[in-house]
Amino acid sequence: MSSPDIASILENSRELDRLRKEQEEVLVEINKLHKKLQATPEVVEKPGDSSLSRLKSLYIQARDLSEREVTISNLLLNQLDAFLPSGPPGQQRRKMDGNDQKRKRMKSDSDISRLSPSMRSHIEACVSLKDEQVAARVTSDAEKDEWFVVKVINFDEKTKEFEVLDEEPGDEEEGSGQKKYKLPASCIIPFPKRNDPASTPEFPAGRQVLAVYPGTTALYKATVISTPRKRKSDEYLLEFDDDEEDGALPQRTVPFHKVVQLPEGHRQ
């Protein structure tokens, strides 16, 4: 195992610890609100009381943290699996007959049933992304990460890889056809549901995000200037990095369903 691989595993482990601590903090706040509502349930009927909306916000935050924890855990498992031997040296392969294939399917179903509920939920969420547009890191080198809008064709539950289609490759791409990629879950970020803005956590002003640049299918780092709630619309007001015009950064509107969390360690 090389030093960069070890560093990546340690970094993800630290992120897992951070997520769990944040989950504990959110749980404490939820319990406080539970006790308050149990002691004085009539408080929700008072004008201006925001207890229920606060509770909903905390539940959404807890759900998002849990999903992020599953993603990081899955990434760590994949990283560790990459360095474990896949079988005894020189192991002979043979053609499987119908019974062998049936037994293999039964074992696969059994393996899935033994997964934790959160892991099963994560796999089901990945499978459900079929035919959906997502943000995907299709290239990564020493200098920068490139993220594009792609369409999910399939999710392989065995390899934990997505097969995606870049429906609009750039003019500089070789050839003019659509391009397919096979990518691990760590390279995929689902977009918020377009038809459900209320359940989508809002990034506050000043937060750095990854967003689709207007008129393109590419995502770049940007800073939130104003939120949809504040603007009373479905769009963020953003300033994109390296988007300078006449010595200033123009402010551009982007739909909320084209804005996602900035990946840790993003390079642009």
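Two strands are taken to pair if DSSP finds at least two bridges between them, and the elements themselves are DSSP runs, numbered from the N terminus: helices are H or I with at least four residues, strands are E with at least two. The model is a predicted one, so to speak of local features requires pLDDT of at least 70, side-chain atom pairs count only at pLDDT 80 or more, and totals for chains, interfaces and linings use all residues. Residues are numbered from 1 along each chain as its sequence is written, and side-chain values use heavy atoms, with hydrogens and water left out.

Strand 8 (residues 235-240) has partners in strand 7 and strand 9. With strand 7 (residues 218-226), the pairing is antiparallel and runs over four bridges; here Leu-238 of strand 8 sits opposite Val-224. With strand 9 (residues 251-255), strand 8 again pairs in the antiparallel sense, this time over five bridges, and Glu-235 has Pro-255 of strand 9 as its bridge partner. Five of the six residues of strand 8 are buried (under 20% relative accessible area, 1.4 Å probe, protein chains only), so the strand is largely enclosed by the rest of the structure.

The loops on either side of strand 8 make another picture. Lys-232, in the loop between helix 5 (228-231) and strand 8, has a positive phi of about 55 degrees despite not being a glycine. Its relative accessible area is 79%, which makes Lys-232 exposed (over 50%, with partly exposed lying between the two cut-offs). Asp-242 is in the loop between strand 8 and strand 9; phi is positive there too, near 60 degrees, in a residue other than glycine. Asp-242 is exposed as well, at 71% relative accessible area.
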